[in-house]
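Colleague: Could you take a close look at the aromatic residues for me, and say how they fit together?

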Amino acid sequence: MMRLIVLMIAVFTMLHGRAAQAEDCTGDGTQLDLNQCAADNFAASDAELNALYKQVRQRLRQSPDSASQLVVAQKAWIAFRDAECDFNGINYEGGSMQPMIIWDCRNRLTRLRADDFKRYLACGEDDCPVPPAP
């Protein structure tokens, strides 16, 4: 688990510029290339999620209880995402495909969470835990 976290940080740091745009990870590349592509896609999705999270937190600045609950929910969601994706990759443990399977899963779940935040930011006052933009 720790190796995966260290790898994730290294990949994000090395490829920050490339991570801004998701790539199609199908093709004739090596497994290492496919793993790298999947890691890049996750880094891009994670960056988008972090930006959206900051926007939601900004909207909740007048509601400390809601902001605190968002933090709790997000920490729990991250723990779920990582555990779920580690479980997804368990059949590939020790194999060269395992990183790609885990990165793809984290990317997919992170994009879904980003969609949740986009809905929060776009929804109306009465049907949303996030107030509308001023």
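**Aromatic pairs and the helices that carry them**

Modeller: Phe 42 and Trp 103 are both buried (under 20% relative accessible area, 1.4 Å probe, protein chains only; exposed is over 50%, partly exposed in between). Bear in mind that this is a predicted model: local features need pLDDT of at least 70, side-chain atom pairs 80 or more, while totals for chains, interfaces and linings use all residues. Numbering runs from 1 along each chain, and side-chain values use heavy atoms, without hydrogens or water.

Searching the whole structure turns up 3 aromatic pairs (ring centres within 6.5 Å). Take Phe 42 with Trp 103: the centres are 5.4 Å apart and the planes sit at 35°, so this pair is tilted (under 30 degrees is stacked, over 60 edge-to-face). Phe 42 belongs to helix α2 and Trp 103 to helix α4 (residues 98–122), so the pair bridges 61 residues and links distant parts of the chain.

Phe 117 and Tyr 120 make another tilted pair, with 6.1 Å between centres and 40° between planes. Both lie in α4, 3 residues apart, about one turn of the helix. Phe 117 counts as buried because its relative accessibility is 0%; Tyr 120, at 26%, counts as partly exposed. Together with Tyr 53 they form one aromatic cluster.

Now for the neighbouring helix. The axes of α2 (residues 31–59) and α3 (residues 64–88) come within 12 Å and cross at roughly 165°. That makes α2 roughly antiparallel to α3 (over 145 degrees). Phe 42 and Tyr 53 are among the α2 residues making the contact (heavy atoms within 4.5 Å), and the α3 side includes Leu 70, Gln 74 and Trp 77.

Notes:
Axes are lines fitted to C-alpha atoms, for helices over the stretch in contact, and angles run from 0 to 180 degrees between N-to-C directions. Helices (H or I, at least four residues) and strands (E, at least two) are DSSP runs, numbered from the N terminus. Angles under 35 degrees count as roughly parallel, over 145 as roughly antiparallel, 65 to 115 as roughly perpendicular and the rest as oblique. Rings of Phe, Tyr and Trp (its six-membered ring) pair if their centres lie within 6.5 Å; planes under 30 degrees apart count as stacked, over 60 as edge-to-face and the rest as tilted.
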